[in-house]
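User: I would like a close look at one part of this protein, starting from a charged pair and then working outward to its surroundings. Please keep the answer connected rather than giving me a list.

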Amino acid sequence: MLRILNSQSRQKEDFKPLDPAAKDVRMYVCGPTVYDSLHLGHARACITPDVVRRYLEYRGCRVKFVSNFTDIDDKIIKRANAEKRNWKELTEHYIAEFHTMMKVLNVLPATIYPKATEHIPEMIDIVKTLLAQKHAYVASDGDVYFDTTTYSRYGALSGRKLEEDDAGHSQRISEARMQVKKNPGDFVLWKLAKPGEPFWDSPWGKGRPGWHLECSAMSRKHLGVPFDIHGGGQDLLFPHHEDEKAQTECAYCEELKNGEAVRYWVHNGFLTLNHEKMSKSLGNVKWLREMIWPEGPHDPMTVRMIFLSAHYRAPINFEPGLFDEAAARLDRIYNAVEGIDRAIAGQLPATAIGLKSRAIKAFEAAMDDDFNTAGALAALFDLVSDVNKQLAAKAPSLPVLSAARDDLLTILTTLGIRTQRGTKPSSTASGDSLKLVDLLLQVRQDVRTAKLFAVSDKIRNGLKELGYDVEDLPGGKWAVKKK
């Protein structure tokens with residue numbers, strides 16, 4: 001039986017879907033705030049739930065998988081203003097890039113990708129309910145806050161006491177905001193818009209939702225409450241998921257019969273660089289698009305192999321050599337598959353039993369133990385070793401090899417690893433793109449000489465959207481940096 005380590009209980013629990021007869025599983029994962037490109041840490045946060053989903057489907061479950069986009073946020077507004085772009089144009093650009101990266105990484109598309117800005121009415125309804133229940137209040141500055149002291153289970157998910165939460169919140173928020181809140185740990189549900197910011201109408205004035213509120217509205221609308229699995233990075237455990245849990249369980253207390261909104265909480269560990277969490281705010285990120293095909297040097301499947309080689313909850317410290325190790329492991333797998341294909345050479349022998357049973361049972365035993373992908377890979381490489389022994393024999397058993405091939409492809413597919421060796425896409429398009437960039441820069445210099453600065457700025461901004469920062473230098477020269 002599949003057992004999952006529930007972040008809330010901090011224990012492994014037997015997995016029992018809320019609808020066991022139908023084997024329907026409802027799963028929600030916090031997606032990205034779309035104001036910049038993805039880094040390798042984001043890739044882990046996407047690959048982990050993808051493997052969970054794939055294994056549940058392998059086990060015969062029907063998974064409804066929802067992953068959101070936070071498309072309105074302080075960071076989005078700040079970035080859009082800095083680049084003199086419309087905030088919606090900015091978010092659509094990075095949403096499109098996200099989908100491209102997910103396809104390259106072989107991450108299955110979500111059943112639904114809801115956007116925060118498409119669920120403002122649902123969020124307003126939650127705030128109304130929380131105010132009516134006295135779980136929220138309008139502060140002196142007009143913002144609406146959740147009162148953490150009104151919810152007795154606050155802190156149950158993260159294991160933190162309210163006084164610890166108060167201290168943690170106090171370190172992260174401004175003095176001005178501390179003065180308007182009833183309690184340091186209270187969090188914003190609705191914030192009034194500042195001049196020049198995007199806003200939506202509400203009973204409390206023109207503004208926008210707090211970050212935590214988004215997931216409560218979107219998960220309930222698309223999955224209902226309660227639902228089976230809520231996933232995300234370990235950094236979301238507190239305060240984001242703790243706050244989300246509190247407001248959801250208070251707003252929908254009758255629907256939940258005062259119970260839990262989520263059956264299993266699943267959090268993946270950090271990807272670190274020099275043993276510090278990889279984070280845009282720390283400036284220590286490794287941009288995904290620069291690391292993998294088509295722009296980067298590495299096969300995207302090496303990224304999956306790196307993350308699958310460790311338990312999803314364990315931290316991974318990034319080292320450049322990890323890509324080489326992952327590539328070597330992929331080579332072993334593909335060499336085995338290709339060796340079988342050469343040995344069988346189009347023949348269709350009867351499938352043998354025994355070898356398949358042992359490999360699949362070992363794979364399932366590992367995955368049933370809280371999605372232990374490192375153990376699953378061990379089973380896979382044991383199978384590769386068996387295949388190599390068969391291939392080295394004077395008279396290899398074709399039925400055994402055929403069965404082994406089926407097992408290899410089954411395991412690879414369930415882990416989301418491409419079943420055939422890939423090749424890096426042609427660099428011709430990339431070379432043509434660079435020539436086009438050079439041409440645009442020459443044209444830009446001509447229009448600058450003609451003092452058509454509006455056109456010059458338009459070209460520069462367009463290049464920036466494509467990932468090229470242009471710096472004007474003295475003497476009519478320029479420097480270009482690929483982001």
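Is Asp341 buried, exposed or partly exposed, and what is its relative accessible area?

Analyst: In this predicted model, Asp341 is partly exposed, because its relative accessible area is 34%; the category lies between the cut-offs of under 20% for buried and over 50% for exposed. The side chain of Asp341 meets that of Arg405 in a salt bridge, with 2.5 Å from N to O. This pair links distant parts of the chain, since Asp341 belongs to helix α12 (residues 321-344) and Arg405 to helix α15 (residues 398-415), with their positions 64 residues apart in the numbering. Arg405 is likewise assigned to the partly exposed class, as its relative accessible area is 25%.

A second pair joins two other helices. Asp386 forms a salt bridge with Arg358, and the closest N and O atoms are 2.4 Å apart. Here too the pair links distant parts of the chain, with Asp386 in helix α14 (residues 373-392) and Arg358 in helix α13 (residues 355-368), 28 residues apart. The two partners fall into separate classes of accessibility: Asp386 is buried, with a relative accessible area of 19%, whereas Arg358 is exposed at 51%. Both values should be read with the cut-offs in mind, because buried means under 20% and exposed means over 50%.

A third pair stays inside one helix. Lys245 and Glu249 meet through their side chains in a salt bridge of 3.0 Å, N to O. Because they are 4 residues apart in helix α8 (residues 237-251), about one helical turn separates them. Both partners are buried, Lys245 with a relative accessible area of 2% and Glu249 with 4%. In general, side chains of opposite charge can pair when their charged atoms come close. The structure holds 32 salt bridges, and some charged residues are joined in a wider arrangement, as Asp36, Arg79, Glu83 and Arg85 are linked in a network of salt bridges.

Moving from the helices to the strands, one finds an open sheet of 4 strands in the order β4-β3-β9-β10, with parallel pairing. The edges are taken by β4 (62-67) and β10 (262-268), and because each of these has a single partner strand, one side of each is left without a neighbour in the sheet. Neighbouring strands of this sheet are turned by 20 degrees against each other on average, direction ignored. Strand β9 (residues 227-233) pairs with β10 in the parallel sense over 6 bridges, and within that pairing Phe227 has Val262 of β10 as its bridge partner. Helix α7 (residues 211-223) lies across β3 (24-29), β4 and β9, and runs at about 160 degrees to β3.

The edge strand β4 also contains Ser67, which is buried, with a relative accessible area of 7%. A polar atom of the Ser67 side chain lies 3.5 Å from the backbone oxygen of Val29. Apart from its neighbours within four places in sequence, Ser67 is in contact with Val29, Gly31, Ala110, Ile112, Tyr113 and Pro114.

The loops carry several backbone features that deserve a careful look. Pro226 is found in the loop between α7 and β9, and the peptide bond that joins Val225 to Pro226 is cis, with omega about -5 degrees. Another cis peptide bond joins Trp293 and Pro294, with omega about 5 degrees; Pro294 lies in the loop between α10 (288-291) and α11 (300-308). Positive phi values in residues other than glycine occur at Lys134, near 65 degrees, and at Lys257, near 55 degrees. Lys134 has its place in the loop between α4 (120-132) and β5 (136-138), and it counts as exposed because its relative accessibility is 64%. Lys257 is found in the loop between α9 (253-256) and β10, and it is exposed, with a relative accessible area of 73%.

To return to the starting point, Asp341 is partly exposed at 34%, and its salt-bridge partner is Arg405.

Technical notes. Residues numbered from 1 in each chain as written. Predicted model: local features only at pLDDT ≥ 70, side-chain atom pairs only at ≥ 80, totals over all residues. Heavy atoms only, no water. Pairing = 2+ DSSP bridges. Axes fitted to C-alpha atoms, helices over the stretch in contact; angles between N-to-C directions. Contact = heavy atoms within 4.5 Å. Buried < 20%, exposed > 50% of the residue type's maximum accessible area, 1.4 Å probe, protein only. Polar contact = N/O pair within 3.5 Å; in protein donor to acceptor, adjacent residues only side chain to side chain. Salt bridge = Lys/Arg side-chain N within 4 Å of Asp/Glu carboxyl O.
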